[in-house]
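Thanks for coming, everyone. I would like to take a few minutes to walk through one structure, so please have a look at the display before I go on.

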Amino acid sequence: DAAAIDAARKVLAAARRPVVVVGLEATEAASDTRALVAALGCPALVTYKAKGVVADADPHFAGVFTCGAAEGPVMDRADAILLVGADPVEFISKPWRWSVPVIELATAPRALPYTTPAAAVSGALAPAVAALAEGAARSDWTAAEIAALREGWLAALANDPKRGAGIGPQRV
């Protein structure tokens, strides 16, 4: 839908510090999603179901998104959030804390229980993501800033006070 793509492009063009949240549906458009993140030069968070779409070693990888506290330092700096194939079932059921515009790219239209998107594109993700990457302006994020946020996320995981002996999520 050209009108939906144009609406998403307008929201993205107004953003200087977008963050991309990648969900399970993006596995069908993984290379296009990585190209969009690289074109924007912005942080990317993946849901636990989308691990690997943006590799942990990718310089744009900033952590895992659950709608919890650990990703707050990244999300709190965003001036737009781009959800690529992120189904609400992948998030912790809690209030959405960010009041910035949201662009949702999904395989099918759906009501989001936590926010109303400023722009929504539904259908095949690969062409939609590629269309947004075309002519996308580079963000104001720096590689050092994204790396520091990723390191902060990793440190927060390592310092989990609930972590005890045995095999926990961080050890796995």
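**Buried loops and aromatic rings**

Let me start with Thr47, which, outside its neighbours up to four places away in sequence, touches Val22, Gly23, Leu24, Val64, Phe65, Glu90 and Phe91. Please keep in mind throughout that this is a predicted model. Thr47 lies in the loop between strand E2, residues 44-46, and strand E3, residues 61-64, and with a relative accessible area of 0% this threonine is buried.

A second loop residue deserves a look, namely Cys67, which is found between E3 and helix H3, residues 72-75, and which is likewise buried, at a relative accessible area of 2%. The phi of Cys67 is near 80°, a positive value in a residue other than glycine. As background, most residues other than glycine have a negative phi.

Now to the aromatic rings, where the count comes to eight pairs. One of them joins Phe61 and Trp153 in an edge-to-face arrangement, with 5.8 Å from centre to centre and 80° between the planes. That pair links distant parts of the chain, since Phe61 belongs to strand E3 and Trp153 to helix H5, residues 143-158, with the two positions 92 residues apart in sequence numbering. Is each partner buried or exposed? Phe61 is buried at 1% relative accessible area, and Trp153, at 9%, also counts as buried because the cut-off is under 20%.

Elsewhere, ring pairs join Phe65, Phe91, Trp96, Trp98 and Tyr114 into a cluster, and two members of that cluster, Phe65 and Phe91, are also among the contacts of Thr47. Finally, the charged end of Arg17 sits over the ring of Trp141, 3.9 Å from the ring centre.

Notes
Residues numbered from 1 in each chain as written. Predicted model: local features only at pLDDT ≥ 70, side-chain atom pairs only at ≥ 80, totals over all residues. Heavy atoms only, no water. Helix = DSSP H or I, 4+ residues; strand = E, 2+ residues; numbered from the N terminus. Buried < 20%, exposed > 50% of the residue type's maximum accessible area, 1.4 Å probe, protein only. Contact = heavy atoms within 4.5 Å. Phe/Tyr/Trp six-rings, centres within 6.5 Å; stacked < 30°, edge-to-face > 60°. Lys NZ or Arg CZ within 6 Å of the ring centre and 35° of its normal.
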